[in-house]
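Me: Could you walk me through this structure with a few questions and answers? I'd like to see the reasoning behind each one.

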Amino acid sequence: MITDIDNFKLLLFAFNCGQVPHASTEIRNAILSTIVLEQPTSQPQTSQSPIDLPDLIFLSLQELAPIYDCLLWRNEDDFLTPFIDAVTHLTGSINDGVFEHVATCSAGLAFAVLFRRVSSSLSMSNLRTSVVTLGYFETGLKGAASIRVNVSSGTLMTEITFVAAHLTANEGYREIRDHNFQDLARKFAFFTDNNVNFSKEDGRDRDFLYKDGSQVFIVGDLNYRVALPPRTPLLSQGTARAEPGPASATADQRELTGNYSRAPKWVAPQHSFVEDWLDYDELTISRKHAGTAFFGFDEADVTFPPTYKFDSNREYALGRVPSWCDRVLYFDMFEGGSGVEVEKYASLPELDGSDHIPVYAITRVPFKKPGLLSEQLVANLLKNNIAASTAARAQQITSRGVSLDRQVAPTAIRARQIKLQNRHIAARSGRIKNMEKLIGGLVYLVLSPAGNEILLAAVLGLVIAYVLLRTYPPGII
């Protein structure tokens, strides 16, 4: 007989692999290090230290394989297999079968991978997936893949939505990343039994990202940077510091080059990094101060050094402002709160090979059924033209002179969102897919050795043909 449990343990793991392959042993050791129980100081950590296995593990992987492997050949499995092997055989034995691979969902270069501990009392049902691409021409160069599933223990059940996200890169693009999130919130569509059906324009065949009772985790390379005011890090002691907030995010990034001290290899978190620099973290600005993205999402305290950008010596790259690009967020805007408890939120420098450092969070997720989305949140979503699957009624607010508590405004926003989702899904199987192949082919020709040979042969062929035509005019050969 299966007994009910109050909560379950979840490990969330985000890693931008930098298009570099990683060995399963390296991945396994790194993930194991996140769940090894703390030992007394008299007993050093060893490979035999006791571990506290989570019930579920969710991997959010970005740039898992070269662009042409993901967009052109679609053969990224060779790069994904080491991660799956590492988790399914987490304790090291090929026959252990500690975890089972539940599902994988990919959006171009972003991968969402979910695992369940075999011995766990949890069962999973009604698994659905959704994909949104955000790169150039809506291709999978950037985007997000999501898995929504019901998790049960005995008579208790809760719905979890996992999102592996990879947003727009480069410094100074905070507003574009904010729009990326808003696009995700509008375009994610979870269809009944994963059956995509465009005939029901009223949306009864689907749920949106924001939904009553669905606990959401957004994990990945969100690419938000540290927007330092020019020359702020080098101000002398006692000099006034610019106030953090949305205005500081518009600082001219071109003036920031070289204005920070290069940190040595993995020293302890520095005061200037973790406290002063977090004031200028773009994600914090957008989420807390400007209120332009990740509505209703929360994050545990960041106590680790910036996770990007590193050079081959594992030091912060010169000419780039170290930033917390890789993050784990959870949704906490139900009536009465979600009850998610973050036990640990840290980076994982043991897994190298990329210009990013992975981050992970260990959480406790309760089985208590979350309430409706809060009225304040629903009103804020509607103000940003985002519809939610909710029975909550928005508070009376005004946006562009239209009172959003009237039935017509939410209905119109919902209808537009459904049409937007239908267009994106249709484009994913047509125009976007063809554009991804074109981009993948061009990258293959330019960046891969085999592609270089093809390109060189083509150029030589054209040169030879040109010389022959010039030497022997038409009619002579």
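Me: Which residues of helix 6 are buried?
Reply: Happy to help, and please keep in mind that this is a predicted model. Helix 6 covers residues 282-290, and a residue counts as buried under 20% relative accessible area. By that cut-off, the buried residues are Glu282, Leu283, Thr284, Ile285, Ser286 and Arg287.

Me: What covers the buried residues of helix 6?
Reply: Both a helix and strands contribute to the cover. Included in it are helix 4 (174-187), strand 11 (297-298) and strand 12 (326-331).

Me: Which phi does glycine 291 take, just after helix 6?
Reply: Glycine 291 follows directly on helix 6. Its phi is positive, at about 65°.

Me: Why do strand 3 and strand 13 each have one side without a neighbour in the sheet?
Reply: Let's begin with the strand order, which is 3-4-2-1-14-13 in an open sheet of six strands with mixed pairing. Strand 3 (99-107) and strand 13 (341-347) stand at the edges, so each has a single partner strand.

Me: How many bridges join strand 2 to strand 4?
Reply: Strand 2 spans residues 56-62 and strand 4 spans residues 110-117, and the two run antiparallel. Within this pair, glutamine 62 stands opposite alanine 110. The number of bridges joining the two strands is seven.

Me: At what angle does helix 3 run to strand 4?
Reply: Helix 3 (residues 77-88) lies across strand 1, strand 2, strand 3 and strand 4. Its angle to strand 4 is about 20°.

Terms used: Residues are numbered from 1 along each chain as its sequence is written. This is a predicted model: local features need pLDDT of at least 70, side-chain atom pairs count only at pLDDT 80 or more; totals for chains, interfaces and linings use all residues. Side-chain values use heavy atoms; hydrogens and water are left out. Buried means under 20% relative accessible area, exposed over 50%, partly exposed in between (1.4 Å probe, protein chains only). Helices (H or I, at least four residues) and strands (E, at least two) are DSSP runs, numbered from the N terminus. Contact means heavy atoms within 4.5 Å. Two strands pair if DSSP finds at least two bridges between them. Axes are lines fitted to C-alpha atoms, for helices over the stretch in contact, and angles run from 0 to 180 degrees between N-to-C directions.
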